[in-house]
Every structure is written in C-alpha cells, then in structure tokens.
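Me: Please go through the model below with me, taking its strands, its nonpolar cores and its pocket in turn.

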Amino acid sequence: MQVRMLGKRWRLRFVPNLGANRGDCDPPTRPAKEIRVAAGLRGEERLEVLIHELVHAAGWHIDESFVERFAADAARVLWRLGYRDAKERR
Ligand SMILES: [Zn+2]
C-alpha cells in the first residue's frame, strides 16, 4: 500500500526476508521509495517496527536512539489501548 508522511509517499511492503533488520525505510529524497517491514513480525513488535519506520520517514534526521525509544513506548501505549492488526483480532 501507499502511505504518506508529511506530504511524501512511500510504498509500504511486508517482505519475507530483511536479513538482520526488522524493517527499513528509504530516504525521503529517493524516487519510488519504500518502507519495508519483515512479514514474520506479529503483535506489539510489528506495531513497534511500523511506528519506527514511519518516524524515520517523517523525520529522516532524527537520531536512531530517539526513534527506537519513541517507537517502543508508542507501541506499548497503543497495544495497551487495544490497537491490533485486523488479522490479530480474529
Ligand atoms: Zn531505525
């Protein structure tokens, strides 16, 4: 699917193998840019990685340790509030 962050578009894909990474994000300046998330992730971890890569997309300059901590905290709050992937509600 296409996602838009701060007026720029990325193609969001869930991919079977990202090597050692759980997700990655192409820089906002790249044409045909993508956000890739490891397809095998589930639950709060999948939510965390999605948030993490979206923060990179929106704020490419933002320090990795901030992104890591923000995504983990935001995912925890949203998870506790009951946000779930549609597949995980069944
Ligand atoms: Zn990162």
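The questions and answers below concern this predicted model.

Residues are numbered from 1 along each chain as its sequence is written. The model is predicted, with local features needing pLDDT of at least 70, side-chain atom pairs counting only at pLDDT 80 or more, and totals for chains, interfaces and linings using all residues, while side-chain values use heavy atoms and leave out hydrogens and water.

Me: In which sense do strand 1 and strand 2 pair?
Reply: Strands (E, at least two residues) and helices (H or I, at least four) are DSSP runs numbered from the N terminus, and two strands pair if DSSP finds at least two bridges between them. Strand 1 covers residues 2-5 and is joined to strand 2 over 4 bridges. Within this pair, Gln2 stands opposite Arg11 of strand 2. The sense of the pairing is antiparallel.

Me: Which residue of strand 4 stands opposite arginine 11?
Reply: Strand 2 is joined to strand 4 by 5 bridges, and the two run parallel. In strand 4, the residue opposite Arg11 is glutamate 34.

Me: What is the phi of leucine 6, and is the residue buried or exposed?
Reply: Leu6 lies in the loop between strand 1 and strand 2, which form a hairpin with 2 residues between them. Buried means under 20% relative accessible area, exposed over 50%, and partly exposed in between, with a 1.4 Å probe and protein chains only. Because its relative accessibility is 69%, Leu6 counts as exposed. Although Leu6 is not a glycine, its phi is positive, at about 50°.

Me: Where is alanine 32 found?
Reply: Ala32 is a residue other than glycine with a positive phi, near 50°. Ala32 counts as exposed because its relative accessibility is 74%. Its place is the loop between strand 3 and strand 4.

Me: Which residues touch the most other members of the largest nonpolar core?
Reply: A nonpolar core is a set of buried Ala, Val, Leu, Ile, Met, Phe, Trp, Tyr and Cys residues joined through side-chain atoms within 4.5 Å. The largest has 13 residues, and strand 2 (8-15), strand 4 (34-38) and helix 1 (43-58) each supply at least two of them. The residues that touch the most other members are Trp10, Leu12, Ile35 and Val37.

Me: Which residues does leucine 12 touch, leaving out those up to four places away in sequence?
Reply: Contact here means heavy atoms within 4.5 Å. With residues up to four places away in sequence not counted, Leu12 touches Met1, Val3, Ile35, Val37 and Leu50.

Me: Which helix gives the most to the lining of the largest pocket?
Reply: On a 1 Å grid over the protein atoms alone, a pocket is an open set of points where a 1.4 Å probe fits, with protein on both sides within 12 Å along at least five of seven lines, and lining residues have an atom within 4 Å of a point. The lining includes Arg46, Leu47, Trp79 and Tyr83. Helix 1 and helix 2 (64-81) each supply at least two lining residues. The one that gives the most, with 4 residues, is helix 1.
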